[in-house]
Amino acid sequence: MNENTAVLLDKIRSKTAKVCVVGLGYVGVPLAVASAQAGFRVIGVDLEKDKVSMINKGVCYVEDAYSEKHLPELVRTGSISATESLSEGANGSDIVIVCVPTPLNEKGEPDLSFLRSVARDLSKNFSGFKLVIVESTSFPGTTTDIFQPLLERNGRKPDRDFALVYSPERIDYGNAKFGVRNIPKVVGGINDESTQLGAEFYKAILDAPVVTVGSPSVAEATKMLENIFRYVNIALVNELAVLHEALGVDFIEAINAAATKPFGFMPHYPGPGVGGHCIPKDPFYLVFKAKQAGFALRLVSASKAVNKTMPVHTIERLATALKTGKKNITDSTVTIWGLAYKGEVKDTRRSPSLELLKLLKQSRAKIRVFDPYVPRVTVGGKVYESSSSEAESVRDADALIIATAHSAFRGVDLSKMSGLMRDRPILYDTRNLRNRKECEEAGFTYLATGRP
Ligand SMILES: NC(=O)c1ccc[n+]([C@@H]2O[C@H](COP(=O)([O-])OP(=O)(O)OC[C@H]3O[C@@H](n4cnc5c(N)ncnc54)[C@H](O)[C@@H]3O)[C@@H](O)[C@H]2O)c1
């Protein structure tokens, strides 16, 4: 073991290493909090002035119960502070963790400009040996072929100036059971020393196993596999759901029955589309890399095609049901419950509800929305304000679409809702929160994704 590694290992074990978290978003804030909670002094860096100032006031702006609970006290005691300056953050730190965005550009291809810019800036801001950890999601090769060469500018060298690790972030935003501290962490370094340092650091801050792999590329491939697995499986159940609706077979019941198999099956559920920050984006990082290598990821492309049809299918099925009740979607009022992309969160990024709103507007239906977490959304330049309550949102509506699995929607008195709506009201439950019997007993024509 070289001396730099030995010294930093000691600092990690004694919690005297200083940690710099670059990018204070959904990933960076919980990580900063976990590091500080473990006893490390943390400085966060973000380009956004407002975020820096909120952190310095102890205000947690990310929806994460763990961060909300601990951040104020950690800021008050000086364990966490924030700055807009990367040089201020990185220069005095022993460990730099990079959590900047990796979006898709307008062509649907990876935009690595944030990562590149951090690597370039870091190469100018070295004082002493550092462990650099990349957490941003990207395709295999990003850390070694793109990030590392930029870090090596200005004569920086591995072992002498830095250790380098890729460790994918796996947090499931809004998940009450698994958060930053109890999800196992995968760590792959550019050499054994890097991997050892990375593993030691995460062991110090997590209450979960740390899994080391042979290289940053394997760790990157792990992240791609996990999210493509979800994307493709969601497409599979979406496609089969549409089929079974037509066959008159309850596919949700079939999924639940299949889930009793104790091995070889993991339930995924269909819905009105695929939303969120990661699942609809990450597969296209690997699609891009595959294309460069002369491969076409046919399953991902097929999954995209299937997943994209779900909002269209939802509105078409609704229009058909309205027609059966002698109503035209153009003259109908349709209420959407749920704007967020998943239950119990306020995040509307790539939410299927936005697509549903777009399609409803195209069909010239009158639209109302309600989401207990989201006050308003803007789609195609039009602002949709959330009604003040479930009851207010359905008054004189012809159809109600449950688009997000907020648990609040499970307990709503459906008879009261149908009583407020026009004659022959439709309830379209795209998340299967309510059952047919209670909907029909409440006077609704019942539609549900995956159910006839
Ligand atoms: N959100 C999730 O649930 C999640 C889960 C797993 C992995 N990821 C991945 O983690 C990465 C970060 O995601 P996020 O959701 O935290 O993004 P985010 O947009 O919430 O936060 C990123 C932050 O980085 C800041 N930033 C951009 N460039 C910067 C720079 N040069 N210096 C300092 N700060 C800079 C932005 O201002 C922003 O505050 C992405 O690669 C994402 O794909 C996200």
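**Exercise 1. Strands S13 and S14**

Find the residue in S14 that stands opposite Leu 400. Then work out how S14 pairs with strand S13 and which way its residues point.

*Solution.*
- Step 1. Look across from Leu 400 in this predicted model. The residue opposite, in S14, is Leu 427.
- Step 2. Follow the two strands. S13 covers residues 399-402, and S13 and S14 pair in the parallel sense. The pairing runs over 4 bridges.
- Step 3. Sort the side chains of S14, residues 426-429. Ile 426 and Tyr 428 point one way. Leu 427 and Asp 429 point the other way.
- Step 4. Recall the general pattern. In a regular strand, side chains alternate between the two faces of the sheet.
- Step 5. Check burial. All four residues named in S14, Ile 426, Leu 427, Tyr 428 and Asp 429, are buried.

**Exercise 2. A positive phi after S14**

Locate Asn 432, give its phi, and decide whether Asn 432 is buried or exposed.

*Solution.*
- Step 1. Place the residue. Asn 432 sits in the loop between S14 and helix H16 (436-441).
- Step 2. Read the backbone angle. Phi of Asn 432 is near 50 degrees, which is positive although the residue is not glycine.
- Step 3. Count neighbours. Asn 432 has 22 other C-beta atoms within 10 Å. The cut-off for buried is 20 or more. Asn 432 is therefore buried.

**Exercise 3. Strand S9 and the loop after it**

Determine how many residues of strand S9 are buried, and describe its pairing with S10. Then compare phi and burial for Glu 344.

*Solution.*
- Step 1. Strand S9 holds residues 333-337, and 4 of the 5 are buried. So S9 is largely enclosed by the rest of the structure.
- Step 2. S9 pairs with strand S10 (residues 366-370) in the parallel sense, over 5 bridges.
- Step 3. Pick out one facing pair: Trp 337 stands opposite Phe 370 in S10.
- Step 4. Move on to the loop between S9 and helix H13 (352-362), where Glu 344 lies. Phi of Glu 344 is near 65 degrees, again positive in a residue other than glycine.
- Step 5. Count neighbours. Glu 344 has 16 C-beta neighbours inside 10 Å, so Glu 344 counts as partly exposed.

**Exercise 4. One face of H6**

Name the buried residues of helix H6, explain why they form one face, and list what covers them.

*Solution.*
- Step 1. The buried residues in H6 are Leu 115, Val 118, Ala 119 and Leu 122.
- Step 2. Look down the axis of H6. Its buried residues fall within an arc of 100 degrees, so they line one face of the helix.
- Step 3. Apply the general rule. An α-helix has 3.6 residues a turn, so residues three or four places apart point the same way.
- Step 4. Find the cover. It includes strand S1 (18-22), helix H5 (86-91), strand S4 (95-98), strand S5 (130-134) and helix H7 (142-151).
- Step 5. Turn to the ligand. H6 (residues 113-123) gives the largest share of the shell around the ligand, 3 residues.

**Exercise 5. The ligand shell**

Which residues come nearest to the ligand, and how does the shell divide by type?

*Solution.*
- Step 1. The ligand has 28 residues around it. Gly 23, Gly 25, Tyr 26, Val 27 and Ser 136 come nearest.
- Step 2. Split the shell by type: 15 nonpolar, 8 polar and 5 charged.

**Exercise 6. The cores**

Identify the members that touch the most others in the largest nonpolar core, and trace the contacts of Val 22.

*Solution.*
- Step 1. This core has 62 residues. Val 21, Val 22, Ile 97 and Val 98 touch the most other members.
- Step 2. Helix H2 (residues 28-37) gives the most to this core, with 6 residues.
- Step 3. Set aside residues within four places of Val 22 in sequence. Its contacts then include Val 45, Leu 86, Ile 97, Val 98 and Val 118.
- Step 4. A second, separate core has 41 residues, including Leu 339, Val 377, Ala 397 and Met 417.

**Exercise 7. Ser 388**

Is Ser 388 buried or exposed?

*Solution.*
- Step 1. Ser 388 is in the loop between strand S12 (382-385) and helix H14 (390-394).
- Step 2. Ser 388 has 9 C-beta neighbours inside 10 Å, so Ser 388 counts as exposed.

How values were computed. Residues numbered from 1 in each chain as written. Predicted model: local features only at pLDDT ≥ 70, side-chain atom pairs only at ≥ 80, totals over all residues. Core = buried A, V, L, I, M, F, W, Y, C linked by C-beta atoms within 7 Å. Buried ≥ 20, exposed ≤ 12 C-beta atoms within 10 Å, placed from the backbone. Contact = placed C-beta atoms within 7 Å. Near = placed C-beta within 6 Å. Nonpolar A, V, L, I, M, F, W, Y, C, P; charged D, E, K, R; others polar. Pairing = 2+ DSSP bridges. Arc of directions from axis to C-beta.
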